[in-house]
Amino acid sequence: MNCPTPLRAAWSRSRWLLPLAGLLLVPLLAEAHKLNTDLSKLSRTDIVLGYLEVGFTHILPLGLDHILFILGLFVLDPRLKPVLWQATAFTLAHSITLGLAAAGKVAPLPSVVEPLIALSILFVAVENLLTDRLQPWRVALVFGFGLLHGLGFAGVLAEIGLPRHAFAEALISFNVGVELGQVAVILLAWLLVGRWFGRKPWYKQRVLVPVSLLIGAVALWWTVERVFFA
């Protein structure tokens, strides 16, 4: 039996809220499995859920710099498919450098990495102002920036540590949590802006330009702050 037209229309409007609601529940689902100071006593289930939560919350709500980076990618072309491809490339890249740092193969210097992360956000904002469309090579650029951001994520795991008996599970769970946090930011931005205004003729003047200017201004301040006042 087919649903009445009003019900079908309501479902069509609200169905995108379901995956978003599921993503926003990730920290709550992991609440009972918080990490304690003795990682060796945690079960693998506690580790998976605990690091999943740490990765997610490091993006949403704690990772303002990473949120601005993702929003900078989003506003240029607010369709879901292109920005999700970029977010996936970003996650694959930061997984590489984060894994190398966690394994002790590289030792990132926060005094170098953090200003460069701010500059990567500034670059994306400026690029948004200088181009009219999403360029094919931007995914490769985002991948490169993801390598840099992965070194920034390494500082979070350095503070928490990784359990020796479940090193891979913890690392993978953290990366999955970061990806879920990014997807949540993208879906929120799409539901609030992209779906309604992304194809409007005035989108660039009223949304893309002011948002990119704001992101660029914040990123410029962070760059100065992290170079001269850190």
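Is Phe 145 buried or exposed? At 15% relative accessibility, Phe 145 counts as buried. The notes below cover confidence, the aromatic pairs, the core and a few single residues.

1. Confidence. This is a predicted model. Mean pLDDT for the protein is 85, with 83% of residues at 70 or more. Helix α10 (residues 203–228) has the highest mean among the elements, 96. Helix α1 (residues 5–14) has the lowest, 50. Where pLDDT is low, the predicted coordinates should not be read in detail.

2. First aromatic pair. Six aromatic pairs turn up in a search of the whole structure. One of them joins Phe 123 and Phe 145 edge-to-face, with 5.7 Å between centres and 70 degrees between planes. Phe 123 sits in helix α7 (residues 110–130) and Phe 145 in helix α8 (residues 138–160), so the pair ties together parts that are 22 residues apart in sequence. Burial is not shared evenly here: Phe 123 is partly exposed at 41% relative accessibility, while Phe 145 is buried at 15%.

3. Second aromatic pair. Phe 153 and Phe 174 have ring centres 6.2 Å apart and planes at 75 degrees, so this pair is edge-to-face. Phe 153 belongs to helix α8 and Phe 174 to helix α9 (residues 167–197); they are 21 residues apart, and the pair links distant parts of the chain. Both Phe 153 and Phe 174 are buried.

4. Ring cluster. Phe 69, Phe 90, Phe 123 and Phe 145 are joined into a cluster by ring pairs. Beyond its neighbours within four places in sequence, Phe 69 is in contact with Phe 90, Ser 120, Ile 121, Val 124, Val 142, Phe 145 and His 149.

5. Nonpolar core. The largest nonpolar core holds 56 residues. Tyr 51, Phe 69, Ile 121 and Phe 174 have the most contacts inside it. Two or more residues of this core come from each of α4 (44–59), α5 (64–76), α6 (80–102), α7, α8, α9 and α10. The top contributor is α9, with 12 residues. Two of the residues with the most contacts also appear in the ring work above: Phe 69 is in the cluster, and Phe 174 pairs with Phe 153.

6. Helix α5. This helix has 13 residues. From first C-alpha to last, α5 reaches 19 Å, close to the 18 Å expected at 1.5 Å a residue. Of its 13 residues, 11 are buried, so α5 is largely enclosed by the rest of the structure. Among the buried ones are Asp 65, His 66, Phe 69, Gly 72 and Phe 74. The cover over the buried residues includes α4, α6, α7, α8, α9 and α10.

7. His 58. This residue lies in helix α4. His 58 is buried, with a relative accessible area of 18%; the cut-off for buried is under 20%. Setting aside neighbours within four places in sequence, His 58 is in contact with Gly 63, His 66, Phe 153 and Val 156. Two of these partners occur in earlier points: His 66 is a buried residue of α5, and Phe 153 is the ring partner of Phe 174.

8. Thr 88. Helix α6 carries Thr 88. At 33% relative accessibility, Thr 88 counts as partly exposed. Thr 88 and Val 183 are 95 residues apart in sequence, yet their C-alpha atoms are 9.3 Å apart in space.

Technical notes
Residues numbered from 1 in each chain as written. Predicted model: local features only at pLDDT ≥ 70, side-chain atom pairs only at ≥ 80, totals over all residues. Heavy atoms only, no water. Phe/Tyr/Trp six-rings, centres within 6.5 Å; stacked < 30°, edge-to-face > 60°. Helix = DSSP H or I, 4+ residues; strand = E, 2+ residues; numbered from the N terminus. Buried < 20%, exposed > 50% of the residue type's maximum accessible area, 1.4 Å probe, protein only. pLDDT = per-residue confidence, 0-100. Core = buried A, V, L, I, M, F, W, Y, C linked by side-chain atoms within 4.5 Å. Contact = heavy atoms within 4.5 Å. Expected span 1.5 Å × (residues − 1).
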